[in-house]
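Colleague: I'm new to reading protein models, and words like "buried" and "salt bridge" still puzzle me. Could you show me the structure and explain how such labels are earned?

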Amino acid sequence: MVDTFWGVLPFTELSPDDEDATVTAQEPLRGVLARLWDKVVAPVLDRVGPTRRIWWVLTGLLAALPLHAAGHGGDLVLGRVISSYSPTIKVLRASRSRVSGQSDTASVVAVADAPGLPTLPRTRTEAFEVMRRFPAVTRLDGPTATPDAVLAAVADSGWLHLACHATSNVRDPANCRPMWSMK
């Protein structure tokens with residue numbers, strides 16, 4: 001599954017002006033996301049029951065896959081819960097036990113159109129869905145989503161949701177960043 005996902009990912013947006021080619025190129029990704037739903041996510045969500053948020057603590061090759069994007073048909077993780085990730089249970093426990101100094105504010109960064117990159121058509125929908133569930137969210141998008149504004153939101157917010165292009169570096173995950181902020 002991991003090989004399939006990462007093997008075809010670079011080719012899924014090579015023809016942004018050719019919708020049929022894009023749909024065809026993305027078919028293996030949809031297959032991986034459907035299998036993730038069936039084998040991992042749906043059983044966990046069924047076991048946990050109704051909840052607004054879930055924290056995924058992934059290990060091994062599973063950590064290289066986007067559980068938050070899993071689904072098929074009408075069943076989607078994004079439609080049922082807000083997903084967060086933690087590298088370890090110890091880090092999750094420490095972050096959940098912090099009380100003082102933790103901000104109650106939240107921010108959503110939505111950048112659908114970045115120079116030189118294909119448009120992400122569902123970015124605004126994703127941001128609106130987060131804001132619908134959490135109305136006290138500050139939204140940064142378009143000209144307001146500057147690197148300086150996003151860094152300020154990171155410093156001031158209790159949590160931050162990014163809906164944008166990004167890089168992924170499996171050898172150095174701390175060196176991943178939104179692509180619209182690159183210079």
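Modeller: Happily! Keep in mind that this is a predicted model. Let's begin with Arg132, which has a relative accessible area of 56%.

Colleague: Why is Arg132 called exposed?

Modeller: A residue is exposed when its relative accessible area is over 50%. Arg132 has 56%, so Arg132 counts as exposed.

Colleague: And what makes Glu129 partly exposed?

Modeller: Glu129 has a relative accessible area of 26%. Buried would need a value under 20% and exposed one over 50%, so the 26% of Glu129 falls in between.

Colleague: How do you know that Glu129 and Arg132 form a salt bridge?

Modeller: Their closest N and O atoms are 2.5 Å apart. The limit is 4 Å, so the pair qualifies. Both residues lie in helix H5, three residues apart, which is about one turn of the helix. In general, side chains of opposite charge can pair when their charged atoms come close.

Colleague: How many salt bridges does the structure hold?

Modeller: There are five. Another one joins Arg124 and Asp113, with 3.5 Å between the closest N and O atoms. Here too the value is within 4 Å, so the name fits.

Colleague: What makes you say that this pair links distant parts of the chain?

Modeller: Arg124 sits in helix H5, while Asp113 is in the loop between S5 and H5, and 11 residues separate the two. Arg124 has a relative accessibility of 42%, and Asp113 has a relative accessible area of 46%. Neither value is under 20% or over 50%, so both residues are partly exposed.

Colleague: Why does the pair of Asp141 and Arg139 count as a salt bridge?

Modeller: The N to O distance is 2.8 Å, inside the 4 Å limit, so this pair counts as well. Asp141 is partly exposed, at 25% relative accessibility.

Colleague: Let's go back to helix H5. Which of its residues are buried?

Modeller: The buried residues of H5, which spans residues 123-133, are Thr123, Ala127 and Val130.

Colleague: Why do you say that the buried residues line one face of H5?

Modeller: Looking down the axis of H5, the buried residues fall within an arc of 60 degrees, so they occupy one face of the helix. Thr125 and Arg132 are exposed on the other side of H5. The buried residues pack against strand S5 (106-110), strand S6 (137-141) and strand S7 (159-163).

Colleague: Why is Thr123 called buried?

Modeller: Its relative accessibility is 5%, and the cut-off for buried is under 20%, so Thr123 passes. Leaving aside neighbours within four places in sequence, Thr123 is in contact with Ala110, Val111, Ala112 and Ala163. The side chain of Thr123 also reaches the backbone oxygen of Leu120 at 3.1 Å.

Colleague: What makes the meeting of Ser83 and Trp56 a polar contact?

Modeller: Their side chains come to 3.0 Å, and the limit for the N or O atoms is 3.5 Å, so the distance fits. Ser83 is in strand S4, residues 82-85. Not counting residues up to four places away in sequence, Ser83 touches Ile54, Trp56, His68 and Val77.

Colleague: Which residues touch the most other members of the largest nonpolar core?

Modeller: They are Leu36, Trp37, Val41 and Leu67, in a core of 19 residues. Helix H1 (2-8), helix H2 (19-48) and strand S1 (53-56) each supply at least two residues of this core. H2 gives the most, with nine residues. A second, separate core has seven residues, including Val109, Val111, Leu140 and Ala145.

Colleague: One last check: is Leu61 buried or exposed?

Modeller: Leu61 has a relative accessible area of 64%, which is over 50%, so Leu61 is exposed. Leu61 lies in the loop between S1 and strand S2 (71-72). The C-alpha atoms of Leu61 and Met1 are 9.1 Å apart, though 60 residues separate the two along the chain.

Colleague: And what does the chain as a whole come to?

Modeller: Its secondary structure comes to six helices and seven strands. Of its 183 residues, 28% count as buried.

Definitions and conventions. Residues numbered from 1 in each chain as written. Predicted model: local features only at pLDDT ≥ 70, side-chain atom pairs only at ≥ 80, totals over all residues. Heavy atoms only, no water. Core = buried A, V, L, I, M, F, W, Y, C linked by side-chain atoms within 4.5 Å. Buried < 20%, exposed > 50% of the residue type's maximum accessible area, 1.4 Å probe, protein only. Helix = DSSP H or I, 4+ residues; strand = E, 2+ residues; numbered from the N terminus. Arc of directions from axis to C-beta. Contact = heavy atoms within 4.5 Å. Salt bridge = Lys/Arg side-chain N within 4 Å of Asp/Glu carboxyl O. Polar contact = N/O pair within 3.5 Å; in protein donor to acceptor, adjacent residues only side chain to side chain.
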